[in-house]
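Trainee: I should like to work through this structure with you, step by step.
Mentor: Please put your questions in turn, and each answer will close on the item requested.

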Amino acid sequence: MKKLLLSLCLFTLIISPIAESVRIKDVAMVQGIRTNHLVGYGLVVGLPGTGESTRYTEQSFKAMLANFGIQLPSSLKPKIKNVAAVVVSAELPAFSKPGQTIDITVSSVGSAASLRGGTLLQTFLKGADGNIYAVAQGSLVVGGLGVQGLDGSQVVINTPTVGRIPNGASVERTVPTPFGNGDYITFNLNEPDFTSAKRLSDTINNLVGPNTANPIDAASIKVLAPRDISQRVAYLSELENLEFKPADASAKIIVNSRTGTIVIGKDVRLRAAAITHGSLTVTIAENQQVDQPEPFANGETVVTNQTIIDVARDDTRAFVFDPGVSLDDLVRAINQVGAAPGDLMAILEALKQVGAIDGQLIVI
């Protein structure tokens with residue numbers, strides 16, 4: 001007997017907290033001060049037979065030997081199962097100076113089975129402008145493990161084709177920043193909002209003086225700053241630790257249909273509406289019947305399937321919302337009728353369709 005039960009998963013209802021005072025440094029960044037992505041192509045050697053022998057790996061291996069004055073015949077195909085071609089990536093923090101070190105990530109780009117036990121050869125890391133900003137080299141730390149048997153079966157734990165080298169790259173070039181240029185610095189809000197921009201500028205003006213900070217748009221606030229670098233550093237240190245109250249987020253309902261998670265903002269309001277809620281259970285059963293032929297008849301035994309479909313509906317319940325109902329009232333009503341996530345998603349979508357929700361309904 002096969003049984004199909006239409007059921008709904010559990011859900012999480014999360015209420016957005018009330019906005020509190022935060023530091024400027026936690027919600028805004030100084031324009032022009034950011035990390036920079038670096039990338040490079042290199043070779044990992046010393047692998048215990050878990051490398052690869054592809055065309056571009058052979059070309060890279062020959063080019064490396066040529067740099068040391070070793071020329072291999074063009075017709076020779078070296079067997080380099082202990083070598084793997086990799087891409088090296090890193091993030092260069094702002095104000096990094098030559099001689100400082102940064103962490104790097106090494107990822108296989110070919111068919112190497114594992115990078116465990118390998119050593120990265122000298123690799124130049126370039127920025128978006130094509131300049132070399134760091135040089136990487138060192139022994140890899142690989143958290144993954146891969147084991148393969150002769151019959152083709154294998155066990156892979158984590159990702160053995162990606163490794164890390166802490167402090168594996170040395171910075172060779174400084175990225176120029178506009179921090180010391182001009183008479184102004186600009187704060188960019190992580191979450192653009194006109195109210196937050198005005199409140200941030202008002203907080204700075206209350207400390208330093210009128211017209212020191214001026215909001216440019218919903219994301220940027222322009223602030224007058226001293227030209228002397230040492231004074232500017234101290235000045236920015238004071239500003240970024242100022243606290244202000246950002247604006248409340250706009251009224252939103254976020255629905256994740258894959259996980260059954262529903263997030264409702266605190267400013268969501270409902271207009272007058274009536275809702276009927278009910279649950280539906282469908283059961284499908286398959287019974288097999290055997291039909292025997294009459295005695296001495298030239299018939300055959302036949303097996304037939306009989307399908308039984310049962311539909312059961314619980315008692316439906318209805319509730320009515322008056323205009324301006326708050327989130328607390330909505331949650332209380334939903335809990336009283338025992339709505340599951342799928343039911344709640346359908347209710348919210350229907351309310352939005354009839355224009356009974358003051359806010360955005362976003363399905364991700």
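**Strand pairing, helix packing and side-chain contacts**

Trainee: Which residue in β14 is the bridge partner of Asn 188?
Mentor: Please keep in mind that the model is a predicted one. The pairing of β12 and β14 is antiparallel and extends over five bridges. One residue pair of these strands places Ile 185 opposite Val 223 in β14. For Asn 188, the bridge partner in β14 is Ser 220.

Trainee: In what order do the four strands of the open sheet stand?
Mentor: Strand β3 (residues 28–30) is joined to β12 by three bridges, and the two run antiparallel. Within that pairing, Ala 28 has Leu 189 of β12 as its bridge partner. The open sheet has antiparallel pairing, and its order is β3-β12-β14-β13.

Trainee: Why is one side of β3 and of β13 left without a neighbour in the sheet?
Mentor: Within the open sheet, the order is β3-β12-β14-β13. Both β3 and β13 (213–215) stand at the edges, so one side of each lacks a neighbour in the sheet, as each has a single partner strand.

Trainee: What angle does the direction of helix α3 make with that of β13?
Mentor: Neighbouring strands of the open sheet, which is ordered β3-β12-β14-β13, are turned against each other by 25 degrees on average, direction ignored. Helix α3 (residues 194–208) packs on this sheet and touches β3, β12, β13 and β14. The direction of α3 makes an angle with that of β13 of about 170 degrees.

Trainee: And what angle does the direction of α4 make with that of β12?
Mentor: Helix α4 also packs on the sheet, where α4 touches β3, β12 and β14. Its direction makes an angle with that of β12 of about 30 degrees.

Trainee: How many strands form the closed barrel?
Mentor: The barrel runs β4-β5-β6-β11-β8-β7 and its pairing is antiparallel. Neighbouring strands of this sheet are turned by 30 degrees against each other on average, direction ignored. The number of strands in the closed barrel is six.

Trainee: Which residue in β6 is the bridge partner of Val 87?
Mentor: Strand β5 (residues 83–92) and β6 run antiparallel and are joined by five bridges. In β6, the partner of Val 87 is Ser 107.

Trainee: Which strands does helix α2 touch?
Mentor: Helix α2 (residues 55–67) packs on the barrel sheet, and its direction makes about 85 degrees with that of β4. The strands touched by α2 are β4, β5 and β7 (119–126).

Trainee: How many salt bridges does a search of the whole structure find?
Mentor: One example is the pair Lys 25 and Glu 240, whose side chains meet at 3.8 Å, N to O. This pair links helix α1 (residues 24–27) with helix α4 (residues 229–240), the two residues being 215 residues apart. The search of the whole structure finds a number of salt bridges equal to five.

Trainee: Which strand holds Arg 164, the salt-bridge partner of Asp 103?
Mentor: The side chains of Asp 103 and Arg 164 meet at 3.6 Å, N to O. Asp 103 lies in strand β6 (residues 101–108), so the pair ties together parts that are 61 residues apart in sequence. Arg 164 lies in strand β11 (residues 162–171).

Trainee: Is Arg 227 buried or exposed?
Mentor: Arg 227 forms a salt bridge with Asp 183, with 2.5 Å between the closest N and O atoms. The two lie in loops, Asp 183 between β11 and β12 (184–189) and Arg 227 between β14 (220–224) and α4, 44 residues apart. Asp 183 counts as partly exposed at 32% relative accessibility. Because the cut-off for exposed is over 50% and the relative accessible area of Arg 227 is 57%, Arg 227 is exposed.

Trainee: What accessible area do Tyr 41, Tyr 56 and Val 109 have together?
Mentor: Tyr 41 lies in strand β4 (residues 36–45), and at 40% relative accessibility Tyr 41 counts as partly exposed. With Tyr 56 and Val 109, Tyr 41 forms a nonpolar patch on the surface, and together their accessible area is about 260 Å².

Trainee: Finally, what percentage of the residues in the protein is buried?
Mentor: The protein has six helices and 24 strands, and its accessible surface comes to about 22,000 Å². Of the 364 residues, the buried share is 34%.

Note on methods
Residues are numbered from 1 along each chain as its sequence is written. This is a predicted model: local features need pLDDT of at least 70, side-chain atom pairs count only at pLDDT 80 or more; totals for chains, interfaces and linings use all residues. Side-chain values use heavy atoms; hydrogens and water are left out. A salt bridge is a side-chain nitrogen of Lys or Arg within 4 Å of a carboxyl oxygen of Asp or Glu. Buried means under 20% relative accessible area, exposed over 50%, partly exposed in between (1.4 Å probe, protein chains only). Patches are made of residues with over 30% relative accessible area and no salt bridge: like charges are joined within 9 Å, nonpolar side chains (Val, Leu, Ile, Met, Phe, Trp, Tyr) within 5 Å. Accessible areas come from the Shrake-Rupley method with a 1.4 Å probe; for residues, only the protein chains shown count as cover. Two strands pair if DSSP finds at least two bridges between them. Axes are lines fitted to C-alpha atoms, for helices over the stretch in contact, and angles run from 0 to 180 degrees between N-to-C directions. Contact means heavy atoms within 4.5 Å.
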